[in-house]
Protein chains: 4
Amino acid sequence: MVDIFATDKLRKAYPEYQQFIALHLYPLERQLLSIPFSEASAILEEKRTLARAMGLWAPYLPAEEGHIGLTMLEFAQISELLATTPYGHYVFNCQAPDIGNIELLHRHASDEQKQRYLKPLTEGAIRSCFSMTEPGHAGSNPLLMSTTAARDGDEWVINGRKWFTTAADGASFAVVMAITDTGTPKYERASMIIVPTNTPGFNLVRNIPVLGDTGDGYHSHSEIEYKDCRVPAANLLGAVGSGFRLAQERLGPGRIHHCMRWIGICERALDLMCRRAVERDMGDGQLLADKQTIQHWIAESRAEINASRYLVLHTAEMLDRLGAKAVRNEISAIKFFVADVLGKVLDRSVQAHGALGLTDATPLSYWYRHERGARIYDGPDEVHKSALARSVLKPYLNLQDQSVK
Amino acid sequence: MVDIFATDKLRKAYPEYQQFIALHLYPLERQLLSIPFSEASAILEEKRTLARAMGLWAPYLPAEEGHIGLTMLEFAQISELLATTPYGHYVFNCQAPDIGNIELLHRHASDEQKQRYLKPLTEGAIRSCFSMTEPGHAGSNPLLMSTTAARDGDEWVINGRKWFTTAADGASFAVVMAITDTGTPKYERASMIIVPTNTPGFNLVRNIPVLGDTGDGYHSHSEIEYKDCRVPAANLLGAVGSGFRLAQERLGPGRIHHCMRWIGICERALDLMCRRAVERDMGDGQLLADKQTIQHWIAESRAEINASRYLVLHTAEMLDRLGAKAVRNEISAIKFFVADVLGKVLDRSVQAHGALGLTDATPLSYWYRHERGARIYDGPDEVHKSALARSVLKPYLNLQDQSVK
Amino acid sequence: MVDIFATDKLRKAYPEYQQFIALHLYPLERQLLSIPFSEASAILEEKRTLARAMGLWAPYLPAEEGHIGLTMLEFAQISELLATTPYGHYVFNCQAPDIGNIELLHRHASDEQKQRYLKPLTEGAIRSCFSMTEPGHAGSNPLLMSTTAARDGDEWVINGRKWFTTAADGASFAVVMAITDTGTPKYERASMIIVPTNTPGFNLVRNIPVLGDTGDGYHSHSEIEYKDCRVPAANLLGAVGSGFRLAQERLGPGRIHHCMRWIGICERALDLMCRRAVERDMGDGQLLADKQTIQHWIAESRAEINASRYLVLHTAEMLDRLGAKAVRNEISAIKFFVADVLGKVLDRSVQAHGALGLTDATPLSYWYRHERGARIYDGPDEVHKSALARSVLKPYLNLQDQSVK
Amino acid sequence: MVDIFATDKLRKAYPEYQQFIALHLYPLERQLLSIPFSEASAILEEKRTLARAMGLWAPYLPAEEGHIGLTMLEFAQISELLATTPYGHYVFNCQAPDIGNIELLHRHASDEQKQRYLKPLTEGAIRSCFSMTEPGHAGSNPLLMSTTAARDGDEWVINGRKWFTTAADGASFAVVMAITDTGTPKYERASMIIVPTNTPGFNLVRNIPVLGDTGDGYHSHSEIEYKDCRVPAANLLGAVGSGFRLAQERLGPGRIHHCMRWIGICERALDLMCRRAVERDMGDGQLLADKQTIQHWIAESRAEINASRYLVLHTAEMLDRLGAKAVRNEISAIKFFVADVLGKVLDRSVQAHGALGLTDATPLSYWYRHERGARIYDGPDEVHKSALARSVLKPYLNLQDQSVK
């Protein structure tokens, strides 16, 4: 929690989450890391029930609906806390991709869609997924999509192949991005459609091994074939052709969520590194903590994490105040800056643990594998850097044009 | 200027400094960079007169004394602006080491000392220096000092050798750090004494070449021999043995000043890199700006500078609110974090300019040389990292101790 | 193959291995990467039979015993080839830890030991393991060992706990390092003892998950409890107290093996990156190969791999010529230099592949996880760096001592 | 000297140069670094006379002309030695750009040109320069040249502007690269012409400050205006239109010279860092040498320098054996690899020296400034990386083309 970003709401909620995690989640870590999601699920369900009972469920949802109603800036700080343990977000129904779908449906779903999909999702009765990335296309260029949704009478007929659809295994519905019109301007060609996963033609081909872990259930990333997959016309989310716009709206806050999650992971990795440093006797009369190299790793991590947090919280503050469009550059910047810090801090903490860091004795191994994707998903860092640079360079190019005249 | 850190005072002052610099200082840069300080001095004096006339002089001094009276958090943001051109701080009487001495005398000088030294210094009528670092001792350990001041009747007799005493050449007085008592606890052995530079025994041995530049006047770093140098007992600053305490007090805010100065330099280096990128035709139908490498340099610089600014301003905000002692860790962190960013941004901008970046056509060459010391002076980065780490590790070590019991 | 290091023997053997790998191993990769070792074993056994039949088996063994009889310098270059595919070394009976044990037994085993353990190991009829690292001790300091072997009549009674004993699962015997005498000088306290894995008291506790992969059989790292584990006195390898000396002898060449293996992995990762670069259409009229960032990754990888190869081959050449002791510094240098290059090249290749790089479609994911340990095992890089530095500094310290006199 | 690259000639010459440098050049360093070339010149001339007398002059020239007649591979190893002190190459007439011009004239000059220009240059009676780079054009693209040489009767009339013409100040002639025909294929448009510097129209505009050092004489880089500068037709070097070809021929070996020079500088910087480490008492009972950070700097520098040397010597060996064209990729690789190592080693050594490293007490400050250009001149690293990558990627692109058919 950063002093000047602390509100009364946050000051109250923060220690409640802190305590919940310390009491109910850290002690479960080693067990949860050693079993598949299908087994972990029952244990987690208990904790979810408790979270609901304690009024800590989905704190980003409005106060008028009985939730805490945190702003982005407030929630970001809670999100960091939740990220310090692998299933933290899940227990409070704050997990991607559901949180993104909840926000999406909250704003753009019809009343019927809300009743049918949003309500149970909000309550944690079902799970969902978001099906956008396709194999064979640069994920960073949304215009290269091949999946189509053709209107046939009162139905959309979807054909195509998606992959890295997170948490599709066991989800009740997918929000699918598909080309609905190739004749329009390129940013108006795609639409989002809600597809119940039990629809014929929704074929979950496989869970993809991600750095060796195929996973299952919520904890998986699937390849999905859409083969003449028919859903009612009413399953369209928002207007025809609004897919890219809605995706942008979803991705901005989504990246803030990711970044705060990464910062939470960093804090824990640093905490583990410090514990290790004071526990490890080097056999030469010194602790590992006395060695200059680990001291520098700790100091650099401390400074980089602080810098990351300020960058992200200021972006969240601006997003709350000025809207998502105004912070596009900031969001590109935090995406690659924090992903880089995450990689460095995890690597240092693993190295500080030696062989132990590779085992499942700490969550480091889990994160080391599951967060390597941070520099890839939601647009590889290379793409975000070029996008930010082009934006920074724009006024200079205009200057050039004027000086030519 | 960062929105949430902008006060009314700052909102008014900021554009005034911006305009002054754009109109009166940027156009002088190439000329000033090609002549010694002794020649530049007259030109700068004109600008100083103008700054005074416009009410922009020493804005960190109290409003009740006729200045703008900026807080640390406010002044830090002006300081960044001033740093975008080599003599920016000097023109507004905000230059180190005078600003540090002004703050020091403001708090700890006797009335007589204030009248005699502080007043003309504040008015810009004289210059001063701060004589602490010694050759042959690790600068990072203030306990390794050899210079002594022995009380002899109504006088202090100073003997020793100092170096890297910035701006001693032409200064009217030095604040000298010397051991006054070797029998006391080690942090109470040193005192600060005001030594007019025309005192017999104050021998300016040479101006030291710093990366090839010996410089002169304000723009120099001297080696000084104190040989039976006698000053009145009344020249003692503060209490006997208070030297280290006063030095700490001076160094904390001093590091914030340095960091904001570095950030200003970074902003200008990034600005120059962007200008270069859009001007340089690569001869293959592309501008330098179209190349991915420079795009990444620009994006990384943008993100790193923003991160640095937030880190430093939050530290300044905390310092204003909680005092210097409370932000010791933060100050260590900004010292090495921003010095590192400074090095990277300058290096990228030089490389982007090619051979031109090595010439005096831009201020890059000047900064590349004069700011290499950023990772060394005021404690090398390595020392700050270890200090921060030890502080981060302290609660873990206590934890260990308890678990042993 | 490096021209000036190519001998006639190597010139003949090199393309034979190259062809074998291309024909018989690359095509199996995806299958092998998706099944446990217990399933892969039968397929690999076929290839091993073929390798034996073609005279490519264990080429580092002497010509007079019917093998190719390569020198370290020659074998190093073959080893690089074998490393370009995950089971390359295994198929030719060149895999660690067996190759190290073969070299060890070849030199130090009694005739009976050779007959009983070395012969079937050489023939590939059995597998072995090397049990040295212990949990709870800094692996880099061999003096911190707790496992003991006490002489009781005609038997050694071993007690202790080891971990990261590679390939213990399914091995026929272990070479165990244990303290046999605590009263002698510290480097003469340990001995090596051969322990058949079916000895009562040899308890394989578990296979340790390494970055999520528990593995099985040859492809695993075990935790082993030695509990009153009794073996005949004749199972001692070499003299009592010779453990450290033998370990040193084993580790030097072992590190050259590791390094050449890493270089082979790098070559393949670079190859995969290049293939990816020319296959990936960026959708903007350019291939990934046209982008400056991947070009720089490719160029830097190319230069770093070449540099690594020269460093290692020159070390191998010196080891053949001057013996292991003479190249201690060189071996420390290659250990951390090549491990660092390995990490960078793998990371770049994964990033260049995007999400695909995280899947099992290429061996990158396998290596990314299984070679993270390269910077840890056989002494963490930090320890090798300090060791090398102390050796470099030694003559300077002597200089100091003399100048004092 | 690398064992396997040591010839009898080299084994004899190496210690002679080593001794000369130790006896005659190291002791002069501080003096030479503090005075302009015009003052240093007389001192250096004495040493040059001595070098000639001892048979150590220009050892790369043929034995049949009375020199040592070293191959590239042999000379490269001597060159490293010479580079360990700022004027090392100069004293033995091995300095750029003269050595490059000597090689050029040796191969391509007419008998008359040899008599008039090569002979006195070889003897060290005169100096020369090479005038290629132009302001306003990307130096990395030789096709972007603007300087022209028009044939007018028996004369060439040269017009244009060059800069960073090294050592033009005081040189007797320049080899000028100019466009002689714009109608031919682009790589045949330029020619090289010998221009005595006293020719009317050869106007040395200024010596350019390079990181603050304007220098003079041999130690300078000039901007030169060619204004209707007329020289006899016979001053053409080689054939009309052969300029680029000759430049390529000159640049390949030139880059090997640069790289070996950089390695020599690195060795000295490492040596200075080690000396500093054992001399510096940290005041906490430890020497600087006992700190892990400097140990790692020393170890990393040791490994990187060794790697650099092998890379460059193998390139030299291949160049001797296979010709310059065959090692184009290797030359690109060493250019950026060694320039990067140079930057890192110098930076570490400066940092290890603290403030002292910025002064002229060691040659570090000189190199830190004068070798920043290493990543820029002779093609910026970015250009070499892309060139190497394109070459590495070529066979893959061909593969692609075939698979399409």
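What rotation, and with what shift along its axis, superposes chain A on chain B? In this predicted model, the turn is 180 degrees, the shift along the axis is 0.0 Å, and the RMSD is 0.0 Å. Of the residues of chain A, A:Ala307 comes closest to the rotation axis, with its C-alpha at 2.6 Å.

Chain C can be laid on chain A in a similar exercise, and here are the two superpositions together.

| Chains | Rotation | Shift along the axis | RMSD |
|---|---|---|---|
| A on B | 180 degrees | 0.0 Å | 0.0 Å |
| C on A | 180 degrees | 0.0 Å | 0.0 Å |

Chains C and A are thus related as by a two-fold rotation axis.

The interfaces are worth a look too. Of the interface residues of chain A, 100% are also interface residues in chain B, so these copies meet through the same surface. For chain C the figure is again given against chain A: 100% of its interface residues are interface residues there as well, so the copies meet through the same surface.

Now to a contact between chains C and D. Helix 10 of chain C (residues 328-353) packs with helix 9 of chain D (residues 292-322) at an angle of about 85 degrees, and their axes are 9 Å apart. Because angles of 65 to 115 degrees count as roughly perpendicular, helix 10 of chain C is roughly perpendicular to helix 9 of chain D.

Which residues meet there? From helix 10 come C:Ala333, C:Phe336 and C:Phe337, and from helix 9 come D:Arg302, D:Ala303, D:Asn306 and D:Ala307. The residues of this contact divide into five nonpolar, one polar and one charged.

Definitions and conventions
Residues are numbered from 1 along each chain as its sequence is written. Chains are lettered from A and ligands numbered from 1 in the order in which they are written. This is a predicted model: local features need pLDDT of at least 70, side-chain atom pairs count only at pLDDT 80 or more; totals for chains, interfaces and linings use all residues. Axes are lines fitted to C-alpha atoms, for helices over the stretch in contact, and angles run from 0 to 180 degrees between N-to-C directions. Helices (H or I, at least four residues) and strands (E, at least two) are DSSP runs, numbered from the N terminus. Angles under 35 degrees count as roughly parallel, over 145 as roughly antiparallel, 65 to 115 as roughly perpendicular and the rest as oblique. Two residues are in contact if their C-beta atoms, placed from the backbone, lie within 7 Å. Ala, Val, Leu, Ile, Met, Phe, Trp, Tyr, Cys and Pro count as nonpolar, Asp, Glu, Lys and Arg as charged, and the others, Gly among them, as polar. Copies are superposed by least squares on the C-alpha atoms of residues with pLDDT of at least 70 in both.
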